[in-house]
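Welcome! Please open the structure in your viewer and keep the selection tool at hand, and we will walk through it stop by stop.

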Amino acid sequence: MTQTASPHTDDPVYWSAQVTAVASRRDVDAFMRIFAHYGPRLQRYLVGLAVPAPQAEELVQETMLRVWRRAAMFDASRANLSTWMFRIARNLYIDSVRGEPHWLPIQDGLDRLDELPGEDGTTSTESYADGVGLDRAIDGLPPQQARMIRMSYFEAKSHSEIARELHQPLGSVKSNLRRAFARLQAAMRNRP
């Protein structure tokens, strides 16, 4: 099946409708559009986390299998499809390295984060993983910075790719991303 680029590639409503079609009708064409669009982005994201390419490919396949099986669990009111899928991929990666010897110190730190309840009774890890607060914080950035953050972290584009796509010097992209990330961190820390 040949996939052409969708004119709705950045439209969360479009992608929500695609995953809804998968959930309600097991629509293979909708699933293939999701796979064609997000598969390469998930692969770049995982490789950017220093996952070896063959393992990243397996994790993308497992992520897409989970999307197919659990499409009915997607809730557009909580996060965009991209956020949900990148979270699945990240969690699968974490699960894959938990048994490795270097994981134990990392796991100890994450366990301590889980023990810190927030104001609403949820743990800080749950609050962070929720996605809604992160989406709102990104939306609160100046439009160009928000776009760069999404391109860098959710679409797993390199700084060079962002510079080419936005027709900006590489140095400007890097400094804008640093400022955007600092604002994003402050917004997440000061969240109610």
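Before we select anything, one term: a residue is called exposed when its relative accessible area is over 50%, buried when that area is under 20%, and partly exposed in between. Keep in mind as well that this is a predicted model.

**Stop 1: Arg25 and Asp27**

Start by selecting Arg25. Its relative accessible area is 58%, so Arg25 is exposed. Now add Asp27, whose side chain forms a salt bridge with that of Arg25, at 3.0 Å from N to O. Is Asp27 buried or exposed? Asp27 has 17% relative accessibility, and therefore counts as buried. Side chains of opposite charge can pair when their charged atoms come close. The model has three salt bridges in total, and the next two stops show the others.

**Stop 2: along helix α3**

Select residues 53-70, which make up helix α3, and look for Glu62 and Arg66: they sit four residues apart, about one turn of the helix. Their side chains meet in a salt bridge of 3.5 Å, N to O. Glu62 is partly exposed, at 28% relative accessibility. Arg66 is partly exposed too, with a relative accessible area of 24%.

**Stop 3: from α8 to α9**

Next, select Arg147 and Glu165. Here the salt bridge is 3.8 Å, N to O. Which helices hold the two partners? Arg147 belongs to helix α8 (residues 143-154) and Glu165 to helix α9 (residues 159-166), so this pair ties together parts that are 18 residues apart in sequence. Both ends are partly exposed: Glu165 has 37% relative accessibility, and Arg147 has 43%.

**Stop 4: the nonpolar core**

In soluble globular proteins, nonpolar side chains tend to be buried together. To see this model's largest nonpolar core, select Ile34, Leu46, Leu81 and Met85; out of 29 residues in the core, these touch the most other members. Then colour α1 (12-25), α2 (28-48), α3 and α4 (81-97), the elements that each give two or more residues to the core. Which of them gives the largest share? That is α4, with nine residues.

**Stop 5: a positive patch**

Finish at the surface by selecting Lys174, Arg178, Arg179 and Arg183, which together form a positive patch. Zoom in on Arg178, which is part of helix α10 (residues 170-189). Its relative accessibility is 56%, so Arg178 counts as exposed.

Note on methods
Residues numbered from 1 in each chain as written. Predicted model: local features only at pLDDT ≥ 70, side-chain atom pairs only at ≥ 80, totals over all residues. Heavy atoms only, no water. Patch = residues over 30% accessible without salt bridge, like charges linked within 9 Å, V, L, I, M, F, W, Y side chains within 5 Å. Areas by Shrake-Rupley, 256 points an atom, 1.4 Å probe, with all protein chains shown as cover. Salt bridge = Lys/Arg side-chain N within 4 Å of Asp/Glu carboxyl O. Lys, Arg positive; Asp, Glu negative; His and termini not counted. Charge placed at Lys NZ, Arg CZ, Asp CG, Glu CD. Buried < 20%, exposed > 50% of the residue type's maximum accessible area, 1.4 Å probe, protein only. Core = buried A, V, L, I, M, F, W, Y, C linked by side-chain atoms within 4.5 Å.
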